[in-house]
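Reader: I spend my days at the bench and would like to learn how to read a protein model. Could you walk me through one?

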Amino acid sequence: MGTFGPAPGGSTPQGATARGWPPSADCQASGGAEIPLESPAALRYPKDTMTELTLRRPDDWHLHLRDGAMLKAVLPETARHFARAIVMPNLVPPVVTGDEARAYRDRILAALPEGMAFEPLMTLYLTETTDPADVAAAHASGLVKAVKLYPAGATTNSQSGVRDLSKVVPVLEKMADIGLPLCVHGEVTAADVDIFDREAVFIDSVLDPLRRQLPGLRVVMEHVTTAEGVAYARSGGPDLGATITTHHLVINRNHILAGGIRPHYYCLPVAKRESHRLALRAAATSGDTCFFLGTDSAPHLDALKEHACGCAGCFTATNTLSILAHVFEEEQALDRLEAFTSLNGPAFYGLPPNTTRVRLVRQSAPLPQPGKIATSLGPVTVFDPGFALYWKVEP
Ligand code: DOR
Ligand code: ZN
C-alpha cells in the first residue's frame, strides 16, 4: 500500500465551443465521419409485454449536487424521482469535517423546492489530515453515512485527496471499527498508466492490498467501469459493494471518440471498450446484492464541457430512470430493476428501503427530449443516450 502515482497537471477550462448529439454540422464538415453510434442493443429493442412498473422509490448512491446556483438548479432533477442520495463532498473547498457536512446538508435542504421530499446522505472528503475522532462523531450523530477516498489528481476537485494511503490508515481503522463505509474512486493517477487501465491497476495495486490490511473495512467501489471491477466486486463478500452509473451502461469509448470528440460523454472513470459495457450491464441486471445504482450525475456548465480542456462528468439525474428501464427491458430484466435502484443500496448501507413508490409507464411514442437545465451561470446539458426513450416516470 502506498502512493497512487504523481498527480497529473491540470489546466483551467475557459471559453466554449458548441457541439452536441447527434454530431453537429460543423463537426462533420471538419472531417468527422458520421458513424452509427446507436448501441447494437438499442437496435434490437424488444417489444416486451410489460408496460407498467411500480418500484419502491429509488435512491442514488453516488450523486454530485454542487453548491449555490448549480445546487438550486439540479436538486429538483434528483428529488423528483429519488428519495435519498449519497452526496459527494468534492466541493471547492471540499467537505472535510462533520461541521462542514452539517452546513452543506442545511444548504441542500434550503435549496429544496417546497413540496418536494428528499434526504441527503452526507459524506466526508478524506484528506491526509482527517481526524478519526471527528469522523467517528459525525457518524455517531447519524449525519455522515460514508467517507470518500479520492486519489489526489484522479478527477474533478480531487486535489485535496490522498497521495499516500499510509497517512490515512488511522482513519480507516476507526471506520472499520464503527462500520462506516469507505466510498472509493478507484483509479491510480500515475502518468505512465494508460487511462483505460487505471481502474484495473488500482484494484490490484491499491484496493486489494488495502482490504487485506483492513479486513473489517466496508468498501464501495464507486462507478465501476470494467469487467475486472465487476469480477472483484462479486468476489468480495458482504463488506464490498459497487455502484454502477447509468451512462456506463449506455456508452462505450467509441461514443466519446469515434467521428468527433463528444464532450458530454466524457466522464471519469472514462467509459471503456464494449466488452466492459456488456459486463456492467450483466452485473447491474443480475440482481446480485453487491451492485446498486450510483448515477455519478455530475453537472458542469456547457461552457466548461465544450472546451479545449473539458470537465469530466455526465449529467443524468433528469432521465436516469427512463434510461435504466430501457436498458433493463433490453436485457429482459425489468423484474430486477427494483433490486438495482431501490433495494441493494439500502441493504448495503444498513438503511430501510423506501416505503413510497414510483410508477413507470411505457409510452407508445418516444418521450420528448429533455431540454437543457437552466442555471443562473449558464445551461447544463442532460445526458443523451442516443436512442429514443419510452418509459415515463410518474412520481
Ligand atoms: O466524471 C466525473 N465527474 N467523475 C468524477 O469522479 C467526478 C465527477 C465530478 O465531480 O464532476
Ligand atoms: Zn462522482
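**Reading the fold, step by step**

Author: Gladly! Buried residues make up 48% of the 395 residues in this protein. Please keep in mind that the model is predicted. The chain forms 13 helices and 13 strands. Among contacts between residues at least 6 apart in sequence, 75% join residues at least 24 apart.

Reader: What should I look for in the interior, and which residues of the largest nonpolar core touch the most other members?

Author: In soluble globular proteins, nonpolar side chains tend to be buried together. Here the largest nonpolar core has 101 residues, and Val87, Leu124, Ala233, Ile244 and Phe291 touch the most other members. Helix H12, residues 320-330, gives the most to this core, with 6 residues. As for Ala233, its contacts beyond four places in sequence are Met221, Val224, Leu240, Gly241, Ala242, Cys290 and Phe291.

Reader: How many residues of H12 are buried?

Author: 11 of its 11 residues are buried, so H12 is largely enclosed by the rest of the structure. Those buried residues include Thr320, His326, Glu329 and Glu330. After the helix comes Gln332, with a positive phi near 50°.

Reader: How do I describe two helices that pack together?

Author: Two packed helices are described by the angle between their axes and the distance between the axes. Take H3 (residues 68-79) and H4 (residues 98-111): their angle is about 65°, and the axes are 9 Å apart. The crossing is right-handed. Leu71, Lys72 and Leu75 of H3 meet Arg107, Ile108 and Ala111 of H4. By class, the residues of this contact are 4 nonpolar, no polar and 2 charged.

Reader: What about backbone angles that look odd to me?

Author: Most residues other than glycine have a negative phi, and most peptide bonds are trans. Exceptions are worth a look. Arg66 has a positive phi of about 60° although it is not a glycine, and this arginine sits in the loop between S2 and H3. Asp296 has a positive phi too, of about 55°, and lies in the loop between strand S9 (291-293) and helix H11 (302-305).

Reader: Are Arg66 and Asp296 buried or exposed?

Author: A residue counts as buried when 20 or more other C-beta atoms lie within 10 Å of its own. Arg66 has 21 such atoms, so Arg66 is buried. Asp296 has 29, so Asp296 is buried as well.

Reader: And where are the cis peptide bonds?

Author: One runs from Val92 to Pro93, with omega near -5°; Pro93 is in the loop between strand S3 (84-87) and H4. Another runs from Leu268 to Pro269, also with omega near -5°, and Pro269 lies in the loop between helix H9 (253-257) and H10.

Reader: Which residues surround ligand 1?

Author: The shell consists of His64, Asn90, Thr155, Thr156, His185, Cys267, Leu268, Asp296, Ala298, Ala312 and Gly313. You have already met two of them: Leu268, from a cis peptide bond, and Asp296, with its positive phi. By class, the shell has 4 nonpolar, 6 polar and 1 charged residues.

Reader: One last point: how far apart in space are Arg57 and Glu338?

Author: Their C-alpha atoms are 8.7 Å apart, although 281 residues separate them in sequence. Arg57 lies in the loop between strands S1 (52-56) and S2 (59-63). With 18 C-beta neighbours inside 10 Å, Arg57 counts as partly exposed. Beyond four places in sequence, Arg57 is in contact with Ala83, Ser342, Asn354, Thr356, Arg357 and Val358.

Methods
Residues are numbered from 1 along each chain as its sequence is written. Chains are lettered from A and ligands numbered from 1 in the order in which they are written. This is a predicted model: local features need pLDDT of at least 70, side-chain atom pairs count only at pLDDT 80 or more; totals for chains, interfaces and linings use all residues. A nonpolar core is a set of buried Ala, Val, Leu, Ile, Met, Phe, Trp, Tyr and Cys residues joined through C-beta atoms within 7 Å. A residue is buried if 20 or more other C-beta atoms lie within 10 Å of its own, exposed if 12 or fewer, and partly exposed in between; C-beta atoms are placed from the backbone. Helices (H or I, at least four residues) and strands (E, at least two) are DSSP runs, numbered from the N terminus. Two residues are in contact if their C-beta atoms, placed from the backbone, lie within 7 Å. Axes are lines fitted to C-alpha atoms, for helices over the stretch in contact, and angles run from 0 to 180 degrees between N-to-C directions. A crossing is left-handed if the near helix is turned anticlockwise from the far one by less than a right angle, and right-handed if clockwise. Ala, Val, Leu, Ile, Met, Phe, Trp, Tyr, Cys and Pro count as nonpolar, Asp, Glu, Lys and Arg as charged, and the others, Gly among them, as polar. A residue is near a molecule or strand if its C-beta atom, placed from the backbone, lies within 6 Å of it.
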